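Student: Please give me a close look at one part of this protein, the spaces left between its atoms. I would love to know what surrounds them and what the neighbourhood is like.

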Amino acid sequence: MSDGWPDGWTRKEGERVARSRHESVSAEHPHERDPYADRYAGDQLAGGRIWQDGSRAGRRRRRWPYVLGVLFTVLALVLVGGYFYLDSRLKRESVLVDYPGRVADTPGTNWLIVGSDSREGLSKAEQRKLRTGFASGRRTDSMMLLHYGSGGSSLISLPRDSYVPIPGRGSNKLNAAFAFGGPKLLVQTVERSTGIHIDHYAEIGFNGFVGVVDAVGGVDICVKDKINDPKAGLKLSPGCQTLNGGEALGYVRTRAFARADLERVEHQRQFFGALMKKSTSPGVLLNPFRGVPLAMNATSNFLVDDNDHLYDLVRMMWAMKGVSGGNGVTTTVPIGGTGNAAGVGAYITWDRAKAATLFDALKSDKSIPDSVVTK
């Protein structure tokens with residue numbers, strides 16, 4: 001043996017074997033490591049502190065941006081997919097078509113908003129409960145012109161008994177245009193009577209009306225006088241109250257007043273403003289139990305033009321909310337008088353001078369003069 005090593009071994013070979021044995025023992029007994037060794041030496045070598053489970057702190061921290069990125073991507077896909085799904089649910093019809101002599105495009109944005117008496121989607125039992133009658137087809141129960149632009153926002157009621165010229169049909173009540181030729185002829189009649197180019201069209205029937213109101217949990221309405229109308233299935237006391245879908249439908253349909261249709265159009269403007277205010281409130285938009293049913297009901301029951309989309313309806317809702325909140329004008333076309341004609345029945349006429357002033361302001365995208373606003 002040489003220097004304490006087996007015969008034939010050199011000093012270098014012996015030292016190499018000793019080091020190997022020492023390292024093996026250290027691995028088997030980690031508690032016997034040098035107490036002065038740097039516990040965190042791996043930080044410089046591997047980029048992070050080594051925990052007892054073998055993971056590295058640096059790597060854990062670097063995972064969060066990745067996780068957040070995945071979450072935001074998934075959320076974006078859900079939102080985009082949800083938008084296109086809801087947009088596809090809208091009913092569409094070719095309404096805003098060109099025709100010879102059509103009014104040229106006018107400044108600002110103009111909507112023709114129609115409430116029809118379509119019973120589509122209502123069972124016989126529901127029709128009896130809501131007192132809608134059992135008529136087939138669809139007719140116009142309300143018509144409003146919504147305008148917004150640099151001159152402000154305004155919501156103008158067009159009484160259905162207004163006596164106006166209907167292209168190819170002579171003069172008749174405004175709602176007769178819808179009965180004769182549907183939305184297309186109604187739009188043509190409104191454009192020629194007002195001189196305003198209609199950019200968008202929206203129509204909702206009885207079933208959709210009730211569904212939308214119930215989806216938002218009812219609409220808050222302040223009733224001026226006691227209403228008792230068995231024909232509309234409506235009985236309300238004066239005061240502010242929340243109306244459910246059936247009550248709201250009766251409220252906008254009842255004509256049990258001395259001014260009949262003229263008072264009804266005021267109720268319709270009041271109601272639609274309140275509905276838009278409720279629909280765009282945080283209590284609905286941030287509540288999935290309200291917001292989702294609203295979106296599903298609205299998109300499946302609104303009929304729009306072929307070129308209208310969900311974002312157009314959302315813009316319309318915000319404009320109506322602004323008008324109802326006092327940031328705009330709500331009025332009825334100035335009335336000039338009444339009349340009666342064979343085959344037409346009782347009708348009302350517009351005050352030509354005041355109506356012209358009102359419509360001239362709209363088609364020029366200017367503020368409506370107070371002198372032609374019905375208080």
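Tutor: Let's begin with a term we need: helices and strands here are DSSP runs, numbered from the N terminus, where a helix (H or I) has at least four residues and a strand (E) at least two. Please also keep in mind that we are looking at a predicted model.

Here is the setting. The chain has 375 residues, and 42% of them count as buried. Its secondary structure comes to 12 helices and 15 strands. Among contacts between residues at least 6 apart in sequence, 64% join residues at least 24 apart.

Now for the closed spaces. There are 2 cavities of 30 Å³ or more. The largest cavity has a volume of about 150 Å³. It is lined by 17 residues, and those closest to its centre are Val-212, Phe-272, Leu-275, Met-276 and Phe-302. Look along the chain and you will find strands E2 (109–116) and E7 (200–204), together with helices H6 (206–215), H8 (261–279), H10 (288–301) and H11 (310–324), each giving at least two residues to this lining. H8 supplies the largest share, 4 residues. As for chemistry, 16 of the lining residues are nonpolar, 1 is polar and none is charged. A general tendency is worth remembering at this point: in soluble globular proteins, nonpolar side chains tend to be buried together.

Move on to the second largest cavity, with a volume of about 100 Å³. Here 13 residues form the lining, and Gly-115, Asp-141, Ser-142, Phe-209 and Val-252 lie nearest the centre. This lining has 6 nonpolar, 5 polar and 2 charged residues. At least two residues each come from E2, strand E3 (140–149), H6, H7 and H8. The largest share, 3 residues, belongs to H7.

H7 deserves a pause. Where does this helix sit? Of its 9 residues (245–253), 7 are buried, so H7 is largely enclosed by the rest of the structure. The buried ones are Gly-245, Ala-248, Leu-249, Gly-250, Tyr-251, Val-252 and Arg-253. You have already met one of them, as Val-252 is among the residues nearest the centre of the second largest cavity. At the N-terminal end of H7, Asn-244 acts as a cap, with a side-chain oxygen 3.2 Å from the backbone nitrogen of Gly-246.

Tyr-251 leads us from H7 into the packed interior. The largest nonpolar core holds 43 residues, and Leu-146, Tyr-251 and Phe-271 touch the most other members. Leaving aside residues up to four places away in sequence, Tyr-251 touches Ile-221, Cys-222, Val-223, Ile-227, Leu-234, Leu-236, Leu-243, His-267 and Gln-270. There is also a second, separate core of 32 residues, including Leu-158, Ala-176, Trp-350 and Phe-359.

What about the open spaces? The largest pocket contains about 630 Å³. Of the 25 residues lining it, the closest to its centre are Leu-86, Leu-285, Gly-291, Ala-295 and Leu-310. Helix H3 (57–89), H10 and H11 are the elements that give two or more residues to this lining, and H10 gives the most, with 8 residues. H10 and H11 are familiar by now, since each also supplies at least two residues to the lining of the largest cavity. By class, the pocket's lining has 19 nonpolar, 6 polar and no charged residues.

The second largest pocket holds about 340 Å³ of space. Its lining has 14 residues, and Tyr-163, Val-164, Pro-165, Trp-350 and Arg-352 lie nearest its centre. Strand E5 (163–166), helix H5 (174–194), strand E15 (345–350) and helix H12 (352–363) each give two or more residues. H12 provides the largest share, 6 residues. Here the lining divides into 7 nonpolar, 4 polar and 3 charged residues. Notice Trp-350: this residue lies among those nearest the centre of the pocket and also belongs to the second core.

To finish, pick out Thr-331 in strand E13 (residues 329–332). Is Thr-331 buried or exposed? Its relative accessible area is 0%, so Thr-331 is buried. Apart from residues up to four places away in sequence, Thr-331 touches Leu-155, Ile-156, Ser-157, Arg-269, Leu-358, Val-372, Val-373 and Thr-374.

Note on methods
Residues numbered from 1 in each chain as written. Predicted model: local features only at pLDDT ≥ 70, side-chain atom pairs only at ≥ 80, totals over all residues. Heavy atoms only, no water. Buried < 20%, exposed > 50% of the residue type's maximum accessible area, 1.4 Å probe, protein only. Polar contact = N/O pair within 3.5 Å; in protein donor to acceptor, adjacent residues only side chain to side chain. 1 Å grid on protein atoms, 1.4 Å probe; cavity = no way out; pocket = protein on both sides within 12 Å on 5 of 7 lines; lining within 4 Å. Points joined across faces, edges and corners; volume = space filled by probe spheres on them. Nonpolar A, V, L, I, M, F, W, Y, C, P; charged D, E, K, R; others polar. Core = buried A, V, L, I, M, F, W, Y, C linked by side-chain atoms within 4.5 Å. Contact = heavy atoms within 4.5 Å.
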